[in-house]
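Welcome, and please load the model in your viewer. We will go from one selection to the next and look at what each one holds.

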Amino acid sequence: MKYLFTISCFFFHITCWSQTISISGTVRSAQSHAFIAGASILHDGKAITITDSLGRFYCALPAHVRELQVRAVEYKNFVLSITPNASHQYNISLQPLTTTMGEVTLATGYQHIPRERATGAFGKVDMQLFYRNPATSVLARLEGIVPGLYFSKTSGTGPELSLRGLSTFTAGVSPLLIVDNFPYEGDISNINPNDIESIVILKDAAAASIWGARSGNAVIVITTKKGRYRQAFKFGITANLTIENKPRLLSDPNYIGVSDFISIEKELFKNNFYNTALSNTTSRPVISPVVEILARQKAGLITQQQADQFIAAFSVNDIRREYLRHFYQRSQYRQYALNLSYGSDKINYFLGAGLDHNQATVVRNGNRRITFNSNTSIRPVKHLEISLGIMYANNAIDRNGLTTANPGSKVLYPYARFADSLGNPLSVIKDYREAYLDTAGRGLLLDWKYRPLDELALADNTVASTDLVIKLGIKYSIIKSLGLELNGQYQQGSDITTIHYSQQSYYARNLINRFSQLSGSNVKYIVPNAGILDKTFEKLQSFGARAQLNFSQQWAGRHSITAIAGTEIKEIKTLLNGYRLYGYSSNNLGFAFVDQVNRYPVYGNLSGMQTIPTVGFNTGAANNRFVSLYANASYTYGSRYTLSLSARKDASNLFGVASNDKWSPFWSAGFAWNMIKESFFHAAAFSELKMRITYGYNGNINKSGKALPTITSGPAANQQINIPFAYINNLANNQLRWERSGIINVGVDITVFSRRLSATIDYFQKRSVDILASVSIDPTSGMRTEYRNTASILTKGLEISVQSQLSYRSVTWRPVFIMSTLSNKVTKYERTTSSLSAYINLGYNINERQGGDPYSLISYKFNGLDSLGNPVGSLNGQSSKDYINILSKATWDDVKIHGSTRPKLFGNFINAFSYRRLTATVNMGYRFGYYFRRNTISYYNLYNSWQGHIDYYNRWQAPGDELKTTIPSMIFPANNNRDRFYQNSSATVSKGDNIRIQDISLAYQFKSSKSVLSGLQLQCFLSNIGIIWRANNHGLDPDYGTRMPPALSYGVGIKKAL
Amino acid sequence: MKQHKYMMPVLAMLLTTLLPSCKKFLDQKPNHALSVPATLTEARDLLNNYVVMNCQTPDMSMESDDDFYMTDALFNTSNESVKAAYCWKKDLVTDLAWENMYKVVLTANMALELTRQIAPTVQNQVEWNTVKGMALFHRSHAFYQLAQCYAKPYDQVTAVAEPGIPLRLASDLNIPTIRSTLQETYDQIINDLKQAVPLLQVTTMPVSIPSKAAAYAMLARISHAMENYEDALRYADSCLQLNAGLTNYNTVSASAVAPFQQFNTEVIFASTLAGLSRFSVNNLLVDSNLFQSYHGNDLRRSLFFKNLSPQVGFGFKGNYEGNTYGQLFTGLAVDEMYLIKAECQARLIGFAAAMDTLNAFLVTRWRTGTFTPFAAATDQQALDIILVERRKQLIGRGLRWHDLRRYNQHSSTAVTLMRLVNGNTFELAPAHPNYTFYIPQIVIDQSGIPQNIRQ
């Protein structure tokens, strides 16, 4: 570091003259008044400094200098006159190079629309905020910076993104992702965020309907960085290190202490709870160590004193600490990226390379991603431009970690240990009781114990993912106002998943032992005594081609028309193959054939006869084809009124040819009024005032419905009797059509007070109709249900985004406030369920109930505890403890509809404070107006599955407690229906409202111009900081559902922008 | 600017060649595992789906019959429908049985429609015959199972007036659902099977595929249920001529968890219950009197029953499907044919022939060297012995309900069923209306067909 400083000083001195003046200032766009980063300040053609990310510059000059040049890409050069003896604070405005296009354009994937003339709801992502987040994935960086974009993290399989609510039941909520003009069909996590130039969100019909049948969930248009003609060689670098703490398992509420757990086991033992399991001599179900000791004591094999000693030794253990010590680590995410770009008169290029090396918080999980991205454009002759892009990603993922070591369907007992005091792996109970495994097989079978630490060391599970995209584009201007554009894209991706169970792994040993046949001292192995290999190949191929005419003409200075029309063809092929090898050895790649047809006895009659498992075998192939025609035109009069129209018709192979002819095209119409340009408008405070209104239709592709009767064939191996088979999916239905959403959007864009404050407000109403839903039909037909275009959803919402930039001396405050409201309602759904219990759950899955929110949280009414600690519910409007009938026969009088599990109001408040070159950014997120269900204690699960919960400590214990707690008393034997009732009652629902600090970043921008530090930025980043206010008083984070929220993560990085 | 002259024609040509090829481009099927059925192979694959076609025998009749009983503990944790069927209550939901059986009917109809679309040729004649025969067999089998649950017991006199089941003979879902008469129901079943006989292979591998022997066995079972003993005898005989392989129970291991193998030599056509833990070995408790009726040297005593504990009693493990988790065999087997033949001989020919048939069968069930042939002095005596042995052999096959419906037609053989549950006694009188189940309400709502009467 010191060395760097020395060098920087050295370079700095070169640029200094003896008699100097200091000048400083800002560079902005004359059109949008946005600050321009990376503008060069030159003296006699030599760059002396460039502006930082906030458009500021500072330099020292010889006192005699009277003139400086200011240059920025896509702006006209500017000459700055230095006035002697002035303040030397210059605020420079640069004119955009192409005034006809306007400098802020919005990419739709088909064209670039000048923001000024856009009628639709486009959301342009603030790339400064995007680049402040060091996350490996593009989508993760969008969290909390885009109005209306909602991240749901309740599922545990990664966040689910949605925009503007729900428009389908079965087609999924994820927005369509476009990367460089074409839908990206692969895994978006293969895209390096450091290669991204801009992201635009297409929200309403006018913006998105050009994407037709795939636009119903809104569209995210990602454009990667490109080179520019006549641009000097530039480079950018990024290096980040991010660390995430181990999860906070010690604050996991799903736990009860060891001593309490043991005393419950003792009590259950006394009540003969374990008798059936202990006397079972066939399947040998798992018995916990404490119960095993108690049984031995009862059988007189050990004394009471010995038993107490053994059990006392357990009570110092804590499974959570074992997990933390052995299964978790501080994660390390390392990210390196390099960007290069250059442009001459005829050729320009951009090269991006990235390496992400991640070690996850789960020990032995992680990945290494290499990305390479190149975009080259050439202009061999006038009027012609050819561009070639190649994107390559290779992601090697390790999935060797263990997060639990649970036996069968149980949760591991809290006093388990994974290693002795010397660190030697210890066994825990897995599938059979320990006492059985000690003697089974007379020493002839393989070791049958399960040692989590050995398993962790032996795990050999990887995914190798590669993705290649080749893009070719040809642009030709036929005449000045008419251009032809041809684009093609080919994408090929593959995922190879390998799960290798070595011969030493428990999985292999268990299977080998189960099928071993002992006679005398001979062992006959039905499953070969070697490893097992499962391999799955997933391949994706997609190809798209597009021919498009672009027209643009102005008349008489007042009329201007921009239009495009084109046709597009697309194919997406997916292929899946998987197999399992028995007898596999990684040393010589040998394998053995096994008999997977006949049934064999299972060792020790642990179960009836079985065939060798045929898991891992898989084949599948899908082929989706689309042909589309589209057109889009906008007419602007006097730069005040803009009318836009768009239409698209999609045909596909999904519903059959007969259906293709029937649909009306997706269309949209929009109108924008630039009030500021009206001669009567004289409010000087305004620099922008635009009203927008649009209406039109977006669509969803839903593969659930089929026009013709279809059957699915299964391979012989998938049925017991080993002959090929098939089953009927659906009967003929030629009435199917695309799902459609009619969206009305009203918006306004305002910029006031010399651009210090700007706001965008959009209100929308979306009526999604023709939603495919299953409808009950007469089962005498042989089918219970059929998919028909019958359901409807109404979604309404408001999206507000306000930003400002206020400076006082060296301090700048840049607040960004984004807020969205959203309400979803199923307006039509014809199927009803016979039992309300289908609606009573965590509320995270789509619930199609007509008249309700699709994410409703519904509970059984809770009428308190009775004087014995039993929960009281309601049945037919009367207080009741008839739990089984409450669960199956509750009426609407007996349940409570709390509201939605999705917030009605949510958004972020991002504050960036700058002092000279130091910028601190704090992103606060808020979510209001929603509910969630907490986990609680289930005594049935505690006894049978060893699943604890902290609510145990607040349970009803003595008469009178019913006034203080809602948690039922512990009873022997447990009543599963009583527990299920309480778990799903209104007593376990809390308000979800919360405000959190999502992340904090601190950045320092180096100033010097010619030094190696020029343009460098040092950055610290903290995320998962946590909730600062919450409506629930249980300390829970509702956004993670019943899972643990991730621990604090922090990182440092160094960056030089391209 | 010269080159621009060619630009538009080239573009026009590009578009015009692109558009007609669209239709072909879009003809590709989207999911390769999905297909619009069009071939005999696909028809056969549909019929070969073991779970859908063979393993959905309705279970509510097994809940209601008197082969087994439940402990109060099991009863108390059972769902409402099981409880209602067990105590012969008026209201119980039977939707699943209806749906599953009509799914078989639909699949068979789809296969039959394919045989109508695809003309038989010299090359495909065997396959064509097999597919058609299989489809007819499966449809009849499903109609028969439906008739035993949703229509009254067959009575030759009233069958023309009593409602039967809806006979769906095509896959089109727009066909209205109407109830046939009981006579039409049985005529359809018998005629379809007769039509299937010449089309089917003599025997098949595996025996989940209907064979000629299976068609005869099914005809024998149905004629027997209709009390048409002449036909039943003829068909049982025809079946036994093709397949008379009895298993010598001395070769079966009594210590095995599930002594009998799936598709063992006695199985003519495999079909099963869906597999519910309710019918697993530990939950199927046999009445102690019935258990005691097996002689000490009768191997079925140890092959069919597992001593669970002195308190609980004996569970049933004589499942011909070879599993313990409740997927009970309900198919056709050689033993049943022997018993039908013997019974019909006793009723029609005489006790001597009947006892010969019975003893030829029973000798394989007893410990080698211990069996003394059963003797009868009259036809009635022979019949009584045979009916007792029928009950002892066919326990847990789902046939008891069918037999009870038949026995209750005559006061001499009528049976009153009794249950003791949580200290309460329940009774089902002979020929009670609750021997017929309710048709699912959704069918009544959507089609308007008349509902059955229960009390």
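Before the first stop, a word on packing: two groups are in contact when their heavy atoms lie within 4.5 Å. Keep in mind too that this is a predicted model.

**Stop 1: a helix in chain A**

Select residues 976-983 of chain A, which form helix α16. Is this helix enclosed or open? With 6 of its 8 residues buried, α16(A) is largely enclosed by the rest of the structure. To see them, highlight Asn977(A), Arg978(A), Asp979(A), Phe981(A), Tyr982(A) and Gln983(A).

Now add the surroundings. The buried residues of α16(A) pack against two helices, α14 (883-889) and α15 (939-945), and against the strands β39 (856-860), β40 (873-875) and β45 (931-933), all in chain A. Then zoom in on the start of the helix, where a side-chain oxygen of Asn975(A) comes within 2.9 Å of the backbone nitrogen of Asn977(A).

**Stop 2: the interface**

Next, show both chains and colour the residues that touch across the boundary: 56 from chain A and 59 from chain B. The two chains bury about 5300 Å² between them, and 66% of that is on carbon and sulfur atoms. On the chain A side, pick out Ile711(A), Ile721(A) and Thr780(A); these lose the most area to chain B, together 12% of what that side buries.

For polar partners, there are 10 residue pairs in polar contact between the chains, counting pairs with both residues at pLDDT 80 or more. Several elements of chain A supply at least two residues each to its side of the contact, including β22 (460-479), β32 (710-714) and β36 (785-804). Which element gives the most? That is β28(A), with 7 residues. By type, the chain A side divides into 28 nonpolar, 18 polar and 10 charged residues.

One more selection here: Arg784(A) and Glu99(B) form a salt bridge, with their closest N and O atoms 2.6 Å apart. The rule finds 1 salt bridge across this interface.

**Stop 3: a sheet shared by two chains**

Finally, select β32(A) together with residues 34-35 of chain B, which make up strand β1. These strands run antiparallel and are joined by 2 bridges. Which residue of β1(B) is the bridge partner of Ile711(A)? It is Ser35(B), while Thr712(A) has Leu34(B) as its partner.

Add β33(A) to complete the picture: an open sheet of 3 strands in the order β33(A)-β32(A)-β1(B), with antiparallel pairing. β33(A) and β1(B) are the edge strands, each pairing on one side only.

Note on methods
Residues numbered from 1 in each chain as written. Chains lettered and ligands numbered in written order. Predicted model: local features only at pLDDT ≥ 70, side-chain atom pairs only at ≥ 80, totals over all residues. Heavy atoms only, no water. Buried area = accessible area lost by both parts, 1.4 Å probe. Salt bridge = Lys/Arg side-chain N within 4 Å of Asp/Glu carboxyl O. Polar contact = N/O pair within 3.5 Å; in protein donor to acceptor, adjacent residues only side chain to side chain. Helix = DSSP H or I, 4+ residues; strand = E, 2+ residues; numbered from the N terminus. Nonpolar A, V, L, I, M, F, W, Y, C, P; charged D, E, K, R; others polar. Pairing = 2+ DSSP bridges. Buried < 20%, exposed > 50% of the residue type's maximum accessible area, 1.4 Å probe, protein only.
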